[in-house]
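Me: I'm new to this structure and would love a close look at one part of it. Could you take me through the place where the ligand sits, and what surrounds it?

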Amino acid sequence: MLNIVIFGAPGSGKGTQSERIVEKYGLNHISTGEVLRGEIAAGTELGKTAKALIDNGQLIPDALMIEILAAKLDAFGECKGVIFDGFPRTIAQAEALKQMLNSRGQDVTAMIELDVPEAELMTRLLKRGEESGRADDNEETIKKRLVVYAEQTAPLKDWYKNDGKHCYINGLGDLDRIFADIVAAIDSRI
Ligand code: AP5
Ligand code: MG
């Protein structure tokens with residue numbers, strides 16, 4: 001089982017590179033952001049809770065997010081592995097993921113950190129906001145997302161270093177070069 005955590009700030013390219021990783025390695029993909037946007041579009045109770053938080057650049061509470069992730073993982077059943085995109089985002093989520101995988105006799109294979117400078121993140125997300133209209137891609141909300149990332153999510157880099165899973169990737173530049181670096185990092189661990 002290949003379990004990849006794709007990690008990085010908002011706009012670092014997690015979703016973009018996940019598509020390529022899925023294609024190459026035949027993995028199932030969980031993007032917690034996509035799951036939440038699906039719930040918002042469907043108008044569920046969870047969607048209503050999530051919308052208020054997402055529009056304000058804040059995280060969904062850990063307990064709720066962990067429950068959602070566990071249900072997704074169970075629904076996959078037998079598979080080659082999973083790419084986790086946008087999860088974990090807090091240390092509590094990383095601990096829960098490790099426990100969930102360990103209880104299935106598995107672990108995270110690699111945590112891939114896409115490192116991109118803040119100015120570039122802002123440029124990418126503002127551009128996507130204009131093109132696709134994602135509700136949280138406006139300057140005010142992007143700034144809040146970046147603060148939440150720095151305070152609550154970036155500490156996971158050290159957590160995964162301590163767990164021996166962290167792989168650093170320069171996420172700035174050509175998509176093919178970034179993907180080649182990711183493949184080299186994954187292949188060195190399987
Ligand atoms: P989520 O949907 O995960 O959003 P995010 O982390 O803010 O990241 P994005 O999806 O915006 O960016 P990305 O890294 O996927 O980059 P992409 O490939 O799209 O989460 C949204 C919200 O949901 C959170 O704020 C939170 O409220 C909630 N949430 C989600 N998960 C949660 C959790 N676990 N716990 C609690 N709350 C949670 O690329 C971005 C743009 O850049 C695209 O337009 C792309 O075409 C472009 N691009 C990509 N690569 C390059 C490149 N190399 N050069 C130039 N442009 C590029
Ligand atoms: Mg994404």
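Reply: Happy to help; what follows is a walk around the ligand site, with two short stops elsewhere in the chain. Please keep in mind that this is a predicted model.

Let's begin with the space itself. Ligand 1 takes up the largest pocket. Around ligand 1 there are 31 residues, and those that come nearest are T16, T32, Q58, R89 and R128. Sorted by class, this shell is made of eleven nonpolar, eleven polar and nine charged residues.

Where in the fold does the shell come from? Four helices each give at least two residues to it: α1 (14-25), α2 (32-42), α6 (118-132) and α9 (175-187).

Now for some individual contacts. T32, one of the nearest residues, has a side-chain N or O atom 2.7 Å from a nitrogen atom of ligand 1. R37 reaches an oxygen atom of ligand 1 with a polar side-chain atom, at 2.9 Å. G11 takes part through its backbone: an N or O atom there is 2.9 Å from an oxygen atom of ligand 1. As for how much of the ligand is covered, ligand 1 on its own has 1,000 Å² of accessible area, and the protein covers 86% of that.

Next, a stop at the charged pairs of the protein. Side chains of opposite charge can pair when their charged atoms come close. The model has 19 salt bridges. One of the pairs is D74 with R104, whose side chains meet at 2.4 Å, N to O. This pair links distant parts of the chain, 30 residues apart: D74 belongs to helix α4 (residues 62-76), while R104 is in the loop between α5 (91-102) and β4 (110-115).

The last stop is a backbone detail. Most peptide bonds are trans. The bond joining F87 and P88, however, is cis, with omega about 5 degrees. To find P88 on your screen, look in the loop between β3 (81-85) and α5.

How values were computed: Residues numbered from 1 in each chain as written. Chains lettered and ligands numbered in written order. Predicted model: local features only at pLDDT ≥ 70, side-chain atom pairs only at ≥ 80, totals over all residues. Heavy atoms only, no water. Near = heavy atom within 4 Å. Polar contact = N/O pair within 3.5 Å; in protein donor to acceptor, adjacent residues only side chain to side chain. Areas by Shrake-Rupley, 256 points an atom, 1.4 Å probe, with all protein chains shown as cover. 1 Å grid on protein atoms, 1.4 Å probe; cavity = no way out; pocket = protein on both sides within 12 Å on 5 of 7 lines; lining within 4 Å. Sits in = over half its atoms within 2 Å of the grid points. Nonpolar A, V, L, I, M, F, W, Y, C, P; charged D, E, K, R; others polar. Salt bridge = Lys/Arg side-chain N within 4 Å of Asp/Glu carboxyl O.
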